[in-house]
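Please look over the model below. This report takes up a strand and its partners, then a chain, then how copies relate.

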4 protein chains.
Amino acid sequence: MLGNTFGRMFRVTACGESYGDALVAILDGTPAGLAIDDAYIQKELDARRPGTSPLDSPRKETDQVHIFAGVRDGVTTGAPLGMIIYNVDRQDIHVKQYFDVKDLIRPGHAEYTYNVKYGKNADWCGAGRASGRETCMRVAAGAVAKKILAKYGIEVLGYVKECAGVRAKDLTFDEVKANYRSNMINCPDEEAAAKMIEKVLEIKAKGDTAGGVVEVIATGVPAGLGEPVFDKINATIAHGMMSIGSVRGVEFGEGFNSTRLTGSECNDIPYVKDGKVAFRTNRAGGVEGGITNGEDIVVRVAVKPTATISIDQDTVDLSKMENTKLAAITRRDPTITARAVAVVEAMLRIAILDHLMMWKGYDAIQDVDHSEIGL
Amino acid sequence: MLGNTFGRMFRVTACGESYGDALVAILDGTPAGLAIDDAYIQKELDARRPGTSPLDSPRKETDQVHIFAGVRDGVTTGAPLGMIIYNVDRQDIHVKQYFDVKDLIRPGHAEYTYNVKYGKNADWCGAGRASGRETCMRVAAGAVAKKILAKYGIEVLGYVKECAGVRAKDLTFDEVKANYRSNMINCPDEEAAAKMIEKVLEIKAKGDTAGGVVEVIATGVPAGLGEPVFDKINATIAHGMMSIGSVRGVEFGEGFNSTRLTGSECNDIPYVKDGKVAFRTNRAGGVEGGITNGEDIVVRVAVKPTATISIDQDTVDLSKMENTKLAAITRRDPTITARAVAVVEAMLRIAILDHLMMWKGYDAIQDVDHSEIGL
Amino acid sequence: MLGNTFGRMFRVTACGESYGDALVAILDGTPAGLAIDDAYIQKELDARRPGTSPLDSPRKETDQVHIFAGVRDGVTTGAPLGMIIYNVDRQDIHVKQYFDVKDLIRPGHAEYTYNVKYGKNADWCGAGRASGRETCMRVAAGAVAKKILAKYGIEVLGYVKECAGVRAKDLTFDEVKANYRSNMINCPDEEAAAKMIEKVLEIKAKGDTAGGVVEVIATGVPAGLGEPVFDKINATIAHGMMSIGSVRGVEFGEGFNSTRLTGSECNDIPYVKDGKVAFRTNRAGGVEGGITNGEDIVVRVAVKPTATISIDQDTVDLSKMENTKLAAITRRDPTITARAVAVVEAMLRIAILDHLMMWKGYDAIQDVDHSEIGL
Amino acid sequence: MLGNTFGRMFRVTACGESYGDALVAILDGTPAGLAIDDAYIQKELDARRPGTSPLDSPRKETDQVHIFAGVRDGVTTGAPLGMIIYNVDRQDIHVKQYFDVKDLIRPGHAEYTYNVKYGKNADWCGAGRASGRETCMRVAAGAVAKKILAKYGIEVLGYVKECAGVRAKDLTFDEVKANYRSNMINCPDEEAAAKMIEKVLEIKAKGDTAGGVVEVIATGVPAGLGEPVFDKINATIAHGMMSIGSVRGVEFGEGFNSTRLTGSECNDIPYVKDGKVAFRTNRAGGVEGGITNGEDIVVRVAVKPTATISIDQDTVDLSKMENTKLAAITRRDPTITARAVAVVEAMLRIAILDHLMMWKGYDAIQDVDHSEIGL
């Protein structure tokens, strides 16, 4: 496969499989002088870790991260950061379970496409590189980005906007922050959260799984990030989001709903506020012409229901090219929507940081006085 | 700006503004031996051209394309294809109209963000590089990709799925093809099309504009295209789609709706058909684990209502940093959804071709027998 | 072909053949606010233009450049600069000459490799994309880079260090500047220049051609440019230089000669000068560890003798796969070394600017006080 | 820093410092189905390892490599290969030695440029990321490339062409292979080798160090690899070579010497041999117009004398910005030329493989019959 790097200036390159020895990320573009250690990255990773609630898979991965390159005495040296997480929960019983069905396509998973592409050497254990385990390294990389963005006053937070058909009310960044990660479904609207959890557990009881929508908001983003034409910041963000395993859709601001508005209903009207331009509404989701406009970036991603279900399914045995059955699987995530929040946040942080660096590199060779319009 | 190239192997690099002299695209990765001429590209461009229906802007651009490099005697030489379109409708009256409002933010347009980024030298005429005119070169590049894909039996067609709140019924690729571009709204469901047109003209009469959803389908796509992890084919496609000016959302297959299904409802069940794997449903939209699975790729993009409206709007004068009014503008597209179809098709073609080349380059160094599973 | 873009931040993408309609370059990364016009670019191009001295090919190309995108009212807008040069000297007589030998490999040229790669559709006229004509666009792009670098006090000048075996004495940047382009061989050491010219004309009289060495010096380059490990600035520069048609070697500072020195003879010894670090010598050519050290960047490139000679040569007819003869060709450059200077300068400017932008983008996210060591 | 990835299709991304915990390489583009294990990579690494002869540094690094990702049951899965080497020789005594001189510029090393760029957080221990230790991962990556190239019949071998001013006679690929790595200086010309060793030991005895020239030859390379204009294969190779720490020059075929030949002396004359095109000579070094011509690729790189010497040197203390002395250092490589051979071979393998994949990806979309000219 060819696509294991993301970014143009802040570049994340990762490897590692679900049941391989370890996962590693290399962060090209790590600045020097950043205080960072294992414990800091660990804290971010813990938000993505499975096995912590009845909504998650019971797999017991401690996801202990270690920075093995790029840091001396707790401070980055400018060399690329190297981070490693060893896979520890690789019990024979689970490996055997995967081995037993290694020729079967697990519906909703990538066995077939990986077999098409990589032949019978495609990793049959735990989905290999197609497993959600790779998202550990996205979160670890995002944690580094988070710390750098904080110096610019940029904050990114996500939450579950909708799960199992239950939708939370509209929330501002401050409202999300005020009640962040307050429950197992990661939805700050407690009333909706309770209903979501109830609905997911009900679906779980039937052996089935649920999907949902994650909303992520970036605040404090300066106007000016994004590179027209093909590397609009929303294009980069959409790329990053859609590269997350179970994501089936991405939208900004009013998103698909904006198609049902008229121009006069959809346009964000600017006005002067404290000597700077602000907008009365944020239907664009913080991006106009592919460049941030100073409003919050608001993105929503559609997370499909977990493909692994505890119900028998028809399928194909690829070794015999015969129709067969895949038995119900018990070890699974009733929904990954809550866990996906950390991954979605990470991708937004990485994308924003990448654009920030591009913008600063470009602007350095301009003769442009940004203060003319209050910046 | 830094983002004027799209693709890794089949690379489109473009330049040119709305009211500049010309638009150019350079296609790195053009193969040798392809019969191609101006007339062929022109035909594709004509589908995007404004001024052809009451739903479009009355701007009279003939969009005459000329291939100036990469072709000898009507056949490509392997050198990068160079294509140029001169802007011809640059009448003083229109330039003056833009000049008169050059310091005003046109709501829903990119003036503010371009001014933030490029200062007062940002092109004030006709939205400059942020104008939809740049999409000409996407369509021209897509026309080349189309011809190459045809050799592999890959076909891509799009249509207006929804406009002004009116949604067409579900259509297969063959149904789309059978009634392709049969009406001014580019919707093969004639009943829905009639309602869409009626609704758009109604909105137009009020000086307002409409948005919509474009669906695009690729058929004949072999299983195996897409590069995990970060360059999943759906990620590349989402990148390309979201880079189109007025797009606010992208989804594959069931998309956002899949979040309301359970796993058992959402999983596509495989079975053996003629010695190969097929799927009972295509809720994934043709992509599993970031790699095509042999089913049609189905993508929908949300196109916001045209920002330019014939109604007065509040806005800001950037030269004075004062609130002011932008007067109603008469020359505009009541909806660009129909014209966007050609652009959306082009981006899908380019993305698929790019991945096809990556896949072939990668597979050439593998020892994998793809016939084992009937391929 | 796939390689028509150079650079990561300041990106030059070009197309066009020797006997096609036109050559175009698109400059992604052009800053806004730069005063630039056709006349300025033209001046740089004129230094590369053939037909101006008895040492050059008599082809009469005026190389009139026109900026068709990215500029409004003489100032860049931030949009990518588009530049076009039409080929005007495409007389039937010359086209016919090429047509007559279209199946013959011209020794030292790229016919064979292009035929291998692109088949019989490879452009047979005037070497197509493999012609030195493409270097026009390098020079045009380099002219833009030159203007941007000037704002940072960076100057780049080249000259012919050696031609036809005659070597100029060692020259500082100031000495090169003081006598820049003062003669037809572009060598500021007038005594050596006279000998070079004499020697080349002597070789020309025999129907043969000469090669040489171009040295190019960049002064005013701040310490800190270059990205370890794989994108050291000398690596980027070597890439750029070796991509020029007739170049067979590249070296920095003492270059190949440094291999014959001992460590104590080769190390550049630092000392404090006006509160900053300077070096007693510059054997490294301004780069240590892949990063500029504040001394002049000194690069030398080996330019092979022109392949086209006025002497009969043995060769192969590719259409018959038979040995045959290629008749002497009269229209040729006795040496391209003098004309190559402008191209070599351009590539160095582009490479430095690209690294400057990378450095500024990266440094913006660091907390590093560069004044600590006097910067 | 930003430059830790090399390649477009076969992409090596690496991290790790001289005295950090470990070095890691991630190989994006690793094919599935390749039998590979730690022992195979180890064998290649052992050729680069220090401490094995009196010509090397006495540092005792065992360079034990472990593949931690991308392989299952001894065969690659298509996932990116992850390889790790732990640094084991990090004794306090050596760390202290580095600590004691951490503010001094070691002449010929990268302290100053790294301090300029990364401030005082730049790694002061053992040259950090600027250390030659990073080349381990180049060799490990090159070992993978070697195995893939072997399937195409492509072989790459290097040797010391010149050291301490002693030059070996001209050698063909077969001659190099016949006497490969037969002595501690890695020069198959035993007579020259003996003189080189004698000369280096003589220089070593004076506390000084020697440089040299490495020649590397690739045989069995098919005609057709290389991407005009900017990504000519010689440009990519030059980039890769110049990115190696101590390299000061690169040349192909006759290289700098070709500048002293005339066109008739320098042109390689083609002829028909066994129904295919061959060349009477190989002055071009296997590349014409940036594309391989089927002859051996012949590259030479200039390796400067080791910067660390056992002689006192003047230098600057960066913490005080004062002139001072750096005491003689005993632990050093009298010459790294012999050890550089493995690194130079690796970079050539990686570059060729990268171009092979590009070529195959591109050619797959062409309608070109390469058999027409005997291929």
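## Strand β8 and its partners

In this predicted model, strand β3 of chain D (residues 22-28) runs antiparallel to β8(D), and 6 bridges join the two. One bridge pair is D:Ala25 with D:Met83, the latter in β8(D).

Strand β5 of chain D (residues 65-69) also pairs with β8(D). These strands run antiparallel too, through 4 bridges. Here D:Ala69 stands opposite D:Gly82 of β8(D). Strand β8 itself covers residues 81-86 of chain D. This strand is mostly covered: 5 of its 6 residues are buried.

## Chain A as a whole

Chain A holds 9 helices and 19 strands. Its radius of gyration is 22 Å, close to the 21 Å from the globule rule for 375 residues, so chain A is as compact as a globular protein of that length. The C-alpha trace spans about 70 × 50 × 35 Å along the principal axes of chain A.

Burial is counted over the 375 residues of chain A: 66% are buried. Among contacts in chain A with a separation of 6 or more, 71% come from residues 24 or more positions apart.

## How chains A and B relate

Chain A superposes on chain B after a rotation of 180° with 0.0 Å of shift along the axis. The RMSD is 0.0 Å. That is the relation of a two-fold axis.

Which residue of chain A comes closest to the rotation axis? A:His239 does, with its C-alpha at 2.4 Å. The copies meet through the same surface, because 100% of the interface residues of chain A are also interface residues in chain B.

Definitions and conventions:
Residues numbered from 1 in each chain as written. Chains lettered and ligands numbered in written order. Predicted model: local features only at pLDDT ≥ 70, side-chain atom pairs only at ≥ 80, totals over all residues. Rg over C-alpha atoms; globule rule 2.2 N^0.38 Å. Buried ≥ 20, exposed ≤ 12 C-beta atoms within 10 Å, placed from the backbone. Contact = placed C-beta atoms within 7 Å. Least-squares fit on C-alpha atoms with pLDDT ≥ 70 in both. Pairing = 2+ DSSP bridges.
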